[in-house]
Amino acid sequence: KAEIERIRTVEIPKNNDATELNPMDMTYLLVNPSFDEGNSNGWILDVATSGNNQSLGDAWEFWWESAENALFDMRQPIYALPEGKYTFSGELAQSYNYQSSIGNEGRAFIYATVVVDGDSTTCLTPVEPQTEDATTRHSYTVAFNVPESESEIVVLVGVKTVGVQDARWFACDNFTLTYYGS
């Protein structure tokens, strides 16, 4: 896909002893997973421009004047992951932020998309909207599998909205990637 860009090349151990009981932390493959660089370096960011605001305090935050415009997709590609089971996790918050009407079906998600030979499979975990502000983040995880393949495999990990939103505030921080072996 044209939107997939190489951010960096990292040597990934093909032979390792990761298992369900002895997982391997592979967060080092993520660029700027906790926004410690003070910016969104490493992340591909598509955000609806109408009424959009962004800031980087102790997390990356998005907010909008009205919830209907609360659309974004923030992701980064990872190349050549070994075959096996993974989780991608983060501390996330999606807040109604005092919206008067709640009834749309849109949600924010943490996700992983595995692309092999142009075919993709996406795994999503919804971020439940909350009534408090977006400074109260909760841990969310999405599980995904990387198949064995002779072709190049690209995994996109990130957070995004799907559908018309009620919540108009979103925050994310402290992403991790864990490998559980094949």
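**Strand pairing around β11 and the nonpolar core**

I110 stands opposite V159 of β11. This pair belongs to the contact between β7 and β11, which are antiparallel and share ten bridges. The model described here is predicted.

On β5, I78 has V155 of β11 as its bridge partner. The two strands, β5 and β11, run antiparallel and are joined by seven bridges. β5 also pairs with β2, again in the antiparallel sense, over four bridges; here I44 lies opposite R75 of β5. Together these pairings form part of an open five-stranded sheet with antiparallel pairing and the order β2-β5-β11-β7-β8. Its edge strands, each paired on one side only, are β2 (44–47) and β8 (119–127). On average, and with direction ignored, neighbouring strands of the sheet are turned by 20° against each other. In general, strands of a sheet pair through backbone hydrogen bonds, in either a parallel or an antiparallel arrangement.

β11 is mostly covered, with nine of its ten residues buried. G158 is located in this strand. Its relative accessibility is 0%, so G158 counts as buried. Beyond its neighbours within four places in sequence, G158 is in contact with W43, M74, R75, F88, F109, I110 and Y111. G158 and T113 are separated by 45 residues in sequence, and their C-alpha atoms lie 8.9 Å apart.

The largest nonpolar core comprises 38 residues, and F144 and F175 are those with the most contacts inside it. At least two residues of this core come from each of β4 (60–64), β5 (72–79), β6 (84–95), β7 (107–116), β10 (138–146), β11 (153–162) and β12 (169–179). In soluble globular proteins, nonpolar side chains tend to be buried together. When neighbours within four places in sequence are left aside, the contacts of F144 are L81, G84, K85, Y86, T87, F88, A112, V114, C123, V155, V157 and L177. Among them is V155, the bridge partner of I78.

C123, another contact of F144, has a relative accessible area of 23% and is therefore partly exposed, since buried means under 20%. C172, by contrast, counts as buried because its relative accessibility is 0%. The number of disulfides in the model is zero.

Note on methods:
Residues numbered from 1 in each chain as written. Predicted model: local features only at pLDDT ≥ 70, side-chain atom pairs only at ≥ 80, totals over all residues. Heavy atoms only, no water. Core = buried A, V, L, I, M, F, W, Y, C linked by side-chain atoms within 4.5 Å. Buried < 20%, exposed > 50% of the residue type's maximum accessible area, 1.4 Å probe, protein only. Contact = heavy atoms within 4.5 Å. Disulfide = S-S within 2.5 Å. Pairing = 2+ DSSP bridges. Axes fitted to C-alpha atoms, helices over the stretch in contact; angles between N-to-C directions.
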